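Trainee: Could you walk me through this one slowly?
Mentor: Gladly, and please ask as we go.
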Amino acid sequence: MEYGSFDDIELPIGTVTETNPAHGLAYRRYSSDKVIEFHSRMIAVIRTNAPGKWITHNFIPKEDLGVDPYALGAELDIASYDNYPLGRADMAFSDAPPEVASRYMRTGHPDFASFYHDTSRSFSGGDYWVMEQQPGPVNWAPHNPRPAPGMVRLWSWEAFAHGASCVSYFRWRQVPFAQEQMHAGLRRPDNTNASAWPEIEELKAELDSLGINGFTKTRSSVAVITDVQALWITNIQQQGAGYNFTKLEFTYYSTLRRLGIDVDFISKDSVFDGYALVIAPCLPIIDDEFVTKCARSDAHIIFGPRSGSKTNEFSIPAKLGPGSLQSLLPIKILSVETLRPACPVPLHWNEGIYEATCWCEEIEAGEGVDTIAAYDDGSPAIVCNGQVTYVGTVTDEAFLKQFFQDTCETVGIPTHELPDDMRLCQRGELNFAFNYSKNAQMAPAPQSAEFLIGRRMVGGHDLSVWRCPETALSNNP
Amino acid sequence: MEYGSFDDIELPIGTVTETNPAHGLAYRRYSSDKVIEFHSRMIAVIRTNAPGKWITHNFIPKEDLGVDPYALGAELDIASYDNYPLGRADMAFSDAPPEVASRYMRTGHPDFASFYHDTSRSFSGGDYWVMEQQPGPVNWAPHNPRPAPGMVRLWSWEAFAHGASCVSYFRWRQVPFAQEQMHAGLRRPDNTNASAWPEIEELKAELDSLGINGFTKTRSSVAVITDVQALWITNIQQQGAGYNFTKLEFTYYSTLRRLGIDVDFISKDSVFDGYALVIAPCLPIIDDEFVTKCARSDAHIIFGPRSGSKTNEFSIPAKLGPGSLQSLLPIKILSVETLRPACPVPLHWNEGIYEATCWCEEIEAGEGVDTIAAYDDGSPAIVCNGQVTYVGTVTDEAFLKQFFQDTCETVGIPTHELPDDMRLCQRGELNFAFNYSKNAQMAPAPQSAEFLIGRRMVGGHDLSVWRCPETALSNNP
Amino acid sequence: MEYGSFDDIELPIGTVTETNPAHGLAYRRYSSDKVIEFHSRMIAVIRTNAPGKWITHNFIPKEDLGVDPYALGAELDIASYDNYPLGRADMAFSDAPPEVASRYMRTGHPDFASFYHDTSRSFSGGDYWVMEQQPGPVNWAPHNPRPAPGMVRLWSWEAFAHGASCVSYFRWRQVPFAQEQMHAGLRRPDNTNASAWPEIEELKAELDSLGINGFTKTRSSVAVITDVQALWITNIQQQGAGYNFTKLEFTYYSTLRRLGIDVDFISKDSVFDGYALVIAPCLPIIDDEFVTKCARSDAHIIFGPRSGSKTNEFSIPAKLGPGSLQSLLPIKILSVETLRPACPVPLHWNEGIYEATCWCEEIEAGEGVDTIAAYDDGSPAIVCNGQVTYVGTVTDEAFLKQFFQDTCETVGIPTHELPDDMRLCQRGELNFAFNYSKNAQMAPAPQSAEFLIGRRMVGGHDLSVWRCPETALSNNP
């Protein structure tokens, strides 16, 4: 595993057992760079020959990204993405019991679409579109149910609520031939209006009445740092079969959303200004510059497990994890164990017993470090030093929700007790409540709310919109 | 996907996502034609050089047939098939709970063997054989139990009851070497009689006493249309992971058999004369000629979902499904959804609530069309116009049994309440009851029945045969 | 499948269905021979150029051995093996319910390590080492938990108790880079002592105090015959998907261990002298020489199913199974069935009803043969003639434990009622009790026992050692 020249380096495949993880990471960086390089040349050609045109791609989220989306998005005018809540739900719940699968089969999970709205919005740092919005049953998932009546309007409004300036449906007319003949359109193959048509007419009238036009940059009080290198590193070295970067990131996001909090995704190079809370669910490579930024920030910062665990060349830091972060938080990660997800161990916090699973670090806490939560033997699982909290394990959602709620209270971010399957969102001075449930549920709107669409009791598969700038849901700067 | 000449066409593999379904269908038609063409040349050689000999193959049923069996059977003197009930049961119940798997592990399912007896009989339009009958434990299934005592005789009699002129056992003597050394024969490797021997001696005496000799064409009052192109189309475009052509066809067949009904399989080119009821569980391609035949027939005709849904070149018909069938039944299939099998939706019929699952069509019913069963929102799931019924979904078996029973009553086909795991069959004026249960059960023979083998109370793993021409079980023409 | 010359023979792959099993067996013999041949040449080179050095390999147990370990071990000075109880448990219990998986996730199963201690000890007929002992969480299993405190000492002592002269830990220091960076060592990447360090210091002091130094050949009263050709034959011709040679062998071994019995593994070429009981869980090829050895032995001999079922060229013997063994035990195996493991059939023995599953032979018992246990229809499942017992099926563990206990009583081998997850072992005049449970449990030591380590009540994840030569646990010669 020593190289005399660049020519000695082969692809990280075909070795007797696994390949060197550093080789795997270098390969992913290199191939991402090459894609970006080619992409830049294509963009230059277009800008030269078609000046004034917008350039975009429809990002299709997946669990093994080959390219850094921030680098790709940097040169685009807008990012866009393809929103297929039902196909995504069918695949996400493929092993779920029938009651869970059927609960979301006609609506999708209430955090699936917005997770990608919020990530896509961050890629080009400005406007974003939904390039393909599912208007009916599609053809490519293992099972392809029809949306519940009202959901096409709800999904579309959700995109606008999260800041989009355009929602485009795929496709205008269902094509009667070839591979996509079973993919619904706004019109049927015989050119009659398909079932989504009246919902979109209603949406159009509502958009006009509210004067929604173009992009509005939402500004949330909580930022979640996402990082493609973290994905690469944990895919290359999973260490425990239950460890899943995207699932962990999604769980953190979904828990915040269940508290009524608007979330921005940011890259690790972003500034933290304006965020009261910054969360890095997993950030293995941390350099001194990043630590300096953390130290200078007023935000409270939460790091998930594996943060700071690797050098830039995929080794364990000489002073052990969390590496450079030790200057802010004097701890050492002495060892790591991984557990079968179904075999958790107790996590003690605030008189309660929760669950730690999948990934459990052995933490040696230095001077001044407080133990927030502990394992059965009293050893620290979560520690804190001033503005920085380090979570050394993957916890259950019950813990995470209470922990985030307490943290938000500490740093002054309002949270809400939401009914199941209701979510909130704020675009400018407009407040939205989305009800993924089939039953009507009450939105936590203030008394002074002026309802523009719907009312306080939000119908099943419906939404409400109200204005009340003085009592905004999030305390944006 | 445009071709300049035949030479441009490649195999339907190696594309970025899925291949064009029309290409896949054309490929299957072409390769089936080529096999038939080669087969015809071989037959011509044999007929020239061995005049007067019978030519047959042992058809081995499987779920992805590469060749149209009707085209293959057309030039054969007889079709034959290999009957291995236990290996088939082991594979069919591989995911079943132990109580189901063990219930049939020594007998096979009561409709497995007859399903292939009845299909094989139709391939060459005349005589058929069982070329290989399992005489004991075999070697090729994941698990290879021994038949319950009596089952080799029962399976053999079942073949004769369904019309066969010959049952041949594989093999005479268990070979002590090579790949099939664990495959039982009529004799053991040391040339002693294996356990099936006395059962076959008993069978031989019974055949002689009843004068069974040669083929008798049974004539059933119900015909089921089977079609290899339907299999190809639904395999190419499954659309829902729970959709399985063979399983649907088998469920329709098995439900009829549980009502004591004799079934003929026919191709879509067959005449309907003599059948009071014709059922097409799935027939995507329907042309005008076929519709004319339906219109001229006296039979009641039931179409399952997807019938008429495709043109001959694998597109959605210009006027939507069921295409040409619209002249008989003015409906339009506006859209299709597919559901996870474990997540059914309610199906309302005759004051009862049943289940629709896997495949649910949105039906627009034209003038004069009656809704027979409906979804929760009242939209039609099953519709009827005169002699034609269209079932737009995959239902549960409880619905199907009651629905077929009612339909048979309407068109004058007698049905029977049978004990579980008992089946009936009629060959000429002989009536058979086969008892797959280990417990003795009562056969629904008329009072006047003259028992030739066994008696009204049929022993476990045993059969009874009676004669009563005037009260035949089915009302054959 | 006839060959004109050696050059006609190809590899046993690429045939239309399965390959000829005799070809598969010949191929495995040939490739094993070739490895041994090359191995012998390497050893000759080393012995010539490095006289006086020990030569060993670390055997890594796996379920499809490509080489006969006895032939490989014959020329080594010592055999050694790599002991990773937690990774092994994680894989062995991958489909187990969480309560079973979590029970053993920090300890491994109490018979996993010793199974390989006892087999490894037999390969070179003398000393053996543990070349790699797991000292903490590793990196290669699907999940990699940390050992419970005390287990590294317990595992190490277990190796010495089973006769090892050396236990070597892998690795000295956790390496911070490359593929094994997450594999614990005795020291951490920063060169501090890892958690196992004080356990090994304690172990070292105990070894010194007891004067353990070098190998001690244990001598057990029960021998289990293991045979790589039996593994090859049953892998080539599994016949039932539930049949697993290693699982059957392990079940026999584990049941004996739960009775407190020390076990030697031997090859079929070993002498039986000194063993009161010899057990062959599966020995398909038996020649006359072996039968003569059995006849001359004083030991009681138990054969498991499939024993004597094949000739040396993988055919069924002319006089049926168990072939040459018929001169000792006049029975014939008339046929075999295999069952789904979850679908057992009743096994009647001594007024009790147990379970037969996976593999059930039809036995014709000749004169003088006693039926010990029978199927529902009274036909023999287990038979006996004098010193030889033949078990024609795979039984449940409840039967096996009682059956082995009765047999041991008959032949004068003392057994013990052990608490769950406690095991005993004897090395010379030292007696060991290992407690894999987290709870303290009582060791069945005699009143006169002189405790050298621990005491009668053995702590959780702890061990006790006592001396009492006059009441040794096993009646060694």
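Mentor: Copies are superposed by least squares on the C-alpha atoms of residues with pLDDT of at least 70 in both. This is a predicted model, where local features need pLDDT of at least 70, side-chain atom pairs count only at pLDDT 80 or more, and totals for chains, interfaces and linings use all residues. Residues are numbered from 1 along each chain as its sequence is written, while chains are lettered from A and ligands numbered from 1 in the order in which they are written.
Trainee: So by what turn can chain B be laid on chain C?
Mentor: A turn of 120 degrees with a shift of 0.1 Å along the axis lays chain B on chain C, with an RMSD of 0.1 Å. The two copies are thus related as by a three-fold rotation axis.
Trainee: Which residue of chain B comes closest to the rotation axis?
Mentor: That is B:Asp95, whose C-alpha is at 8.8 Å.
Trainee: New topic: in what order do the four strands of the open sheet in chain C come?
Mentor: The order is β1-β2-β3-β4, with parallel pairing; strands are DSSP runs of E of at least two residues, helices are runs of H or I of at least four, both numbered from the N terminus, and two strands pair if DSSP finds at least two bridges between them.
Trainee: And which strands stand at the edges?
Mentor: In chain C, β1 (58-59) and β4 (166-169) do, each with a single partner strand, so one side of each is left without a neighbour in the sheet.
Trainee: How many bridges join β3 and β4 of chain C?
Mentor: Three, in the parallel sense, with β3 of chain C spanning residues 128-133, and C:Gln133 has C:Tyr169 in β4(C) as its bridge partner.
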